[in-house]
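Let's take a friendly walk through this complex, from the DNA contacts to the protein interface. Have a look at the model before reading on.

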There are 2 protein chains.
Amino acid sequence: MGKQTTEMLKGTLEGVVLAILAGQPAYGYEITAWLRNQGFSDIAEGTVYALLVRVEKRGLVDVAKVPSEKGPPRKVYSLNDQGREYLEEFWAAWRFLSERLERLREGGR
Amino acid sequence: MGKQTTEMLKGTLEGVVLAILAGQPAYGYEITAWLRNQGFSDIAEGTVYALLVRVEKRGLVDVAKVPSEKGPPRKVYSLNDQGREYLEEFWAAWRFLSERLERLREGGR
DNA sequence: TACTGGTACATAGTAACACTGAATAGAAGA
DNA sequence: TCTTCTATTCAGTGTTACTATGTACCAGTA
């Protein structure tokens, strides 16, 4: 995935995960698998779990423990109102950065 | 500027500065002023100087000391070949992330 | 002279975040 | 029993941007 991508993920990975949860509730293992499937090949499981703990502590998600057919019970996360609000701010920040980067890429210093 | 933007800058600010230097050589104070002018209102001077020291150590830029009419001499940085190569990788990483984020924003989970 | 303000660079300490690596645990199949 | 998925957790590390402060040079002004 490259070191540059890793550093870029700081600050955006959280938004990515919240955006996934905005689509539908999900649990850690599932999210990790989805990310890897999308090309974030080097995402460590530990990274996702730590992130989920963080957003839970901040009250951006609700959690439900759901028994699994295979393996230990899942912790299913869903975005709550506060999380949705936070996600909006994330998109605003993303737009801000994205616009400036695109301008730079086109050489428009 | 917001906390989210700050976290997002990690990993991208470096690319932004290198992209500026790709346009033309510049010195720290100038770069800081330019960034603030572009809406990165909270960029601390110290941040830019530390970043420039970093990229210099990694050999991505060349440095020339140029006397200033006002104040102490300027350290003018210019992107070298290695820096240009690194910048290419940065844009590749940016495209990668950008594509996936845009897809997510459109709800296309 | 002393003071202010703009230019220009530097750095010690802190917080946030993703990664590494390892451990734990349940269930199914060889 | 041993392996292999599934699923979560956590201690330790490295990178990066911020805060806050300090240094230094020059010009204008009271």
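## Contacts with DNA strand D

In this predicted model, a phosphate oxygen of DNA strand D sits 3.3 Å from a backbone N or O atom of G11(B). R58(B) also reaches a phosphate oxygen of this strand, here with a polar side-chain atom at 3.3 Å. On the other chain, a polar backbone atom of K70(A) is 3.5 Å from a sugar or linking oxygen of DNA strand D. Which elements give two or more residues to the surface near this strand? Chain A supplies helix 1 (3-9), helix 3 (28-37), helix 4 (45-57) and strand 3 (74-79), while chain B supplies helix 1 (3-9), helix 2 (13-23) and helix 4 (45-57).

Altogether, 30 residues surround DNA strand D, and the closest are K10(A), Y49(A), R74(A), K75(A) and R54(B). By class, the surface near the strand has 11 nonpolar, 8 polar and 11 charged residues. On the DNA side, 72% of the strand D atoms within 4 Å of the protein belong to sugar or phosphate, and the rest to bases.

## Contacts with DNA strand C

Now for the other strand. DNA strand C is surrounded by 31 residues, of which T47(A), R54(A), Y29(B), R74(B) and K75(B) are the closest. Of the strand C atoms that come within 4 Å of the protein, sugar and phosphate account for 73%. The residues of the surface near this strand divide into 10 nonpolar, 8 polar and 13 charged.

Some individual atom pairs are worth finding in your viewer. A backbone N or O atom of K75(B) lies 2.5 Å from a phosphate oxygen of DNA strand C, and a polar backbone atom of G28(B) is 3.3 Å from a phosphate oxygen of the strand. What does the side chain of K10(B) approach on DNA strand C? An N or O atom of that side chain is 3.1 Å from a base nitrogen. The elements giving two or more residues to the surface near DNA strand C are helix 1, helix 2 (13-23) and helix 4 of chain A, joined by helix 1, helix 3, helix 4 and strand 3 (74-79) of chain B.

## Where chain B meets chain A

The size of an interface is often given as the accessible area lost when the parts come together. Here chain B and chain A bury about 3800 Å² between them, with 66% of it on carbon and sulfur atoms. Each side is well represented in the residue list: 37 residues from chain B and 37 residues from chain A take part in the contact.

How many salt bridges are counted between chain B and chain A? The count is 0, whereas 8 residue pairs are in polar contact across the interface (both at pLDDT 80 or more). On the side of chain B that touches chain A, the elements giving two or more residues are helix 1, helix 2, helix 3 (28-37) and helix 5 (81-105). Helix 5 of chain B gives the most, with 16 residues. That side of chain B has 17 nonpolar, 8 polar and 12 charged residues.

## How the two copies are related

Chain B superposes on chain A by a rotation of 180° with 0.0 Å of shift along its axis, at an RMSD of 0.1 Å. This is therefore the relation of a two-fold axis. In chain B, K10(B) has the C-alpha nearest the axis, 3.1 Å from it. The same surface serves both copies, since 100% of the contact residues of chain B recur in chain A.

Terms used
Residues are numbered from 1 along each chain as its sequence is written. Chains are lettered from A and ligands numbered from 1 in the order in which they are written. This is a predicted model: local features need pLDDT of at least 70, side-chain atom pairs count only at pLDDT 80 or more; totals for chains, interfaces and linings use all residues. Side-chain values use heavy atoms; hydrogens and water are left out. A residue is near a molecule or strand if one of its heavy atoms lies within 4 Å of it. A polar contact is a pair of N or O atoms within 3.5 Å; within protein, one must be able to donate a hydrogen and the other to accept it, and residues adjacent in sequence count only if both atoms are side-chain atoms. Helices (H or I, at least four residues) and strands (E, at least two) are DSSP runs, numbered from the N terminus. Ala, Val, Leu, Ile, Met, Phe, Trp, Tyr, Cys and Pro count as nonpolar, Asp, Glu, Lys and Arg as charged, and the others, Gly among them, as polar. Contact means heavy atoms within 4.5 Å. Buried area is the accessible area (1.4 Å probe) that two parts lose on being put together, summed over both. A salt bridge is a side-chain nitrogen of Lys or Arg within 4 Å of a carboxyl oxygen of Asp or Glu. Copies are superposed by least squares on the C-alpha atoms of residues with pLDDT of at least 70 in both.
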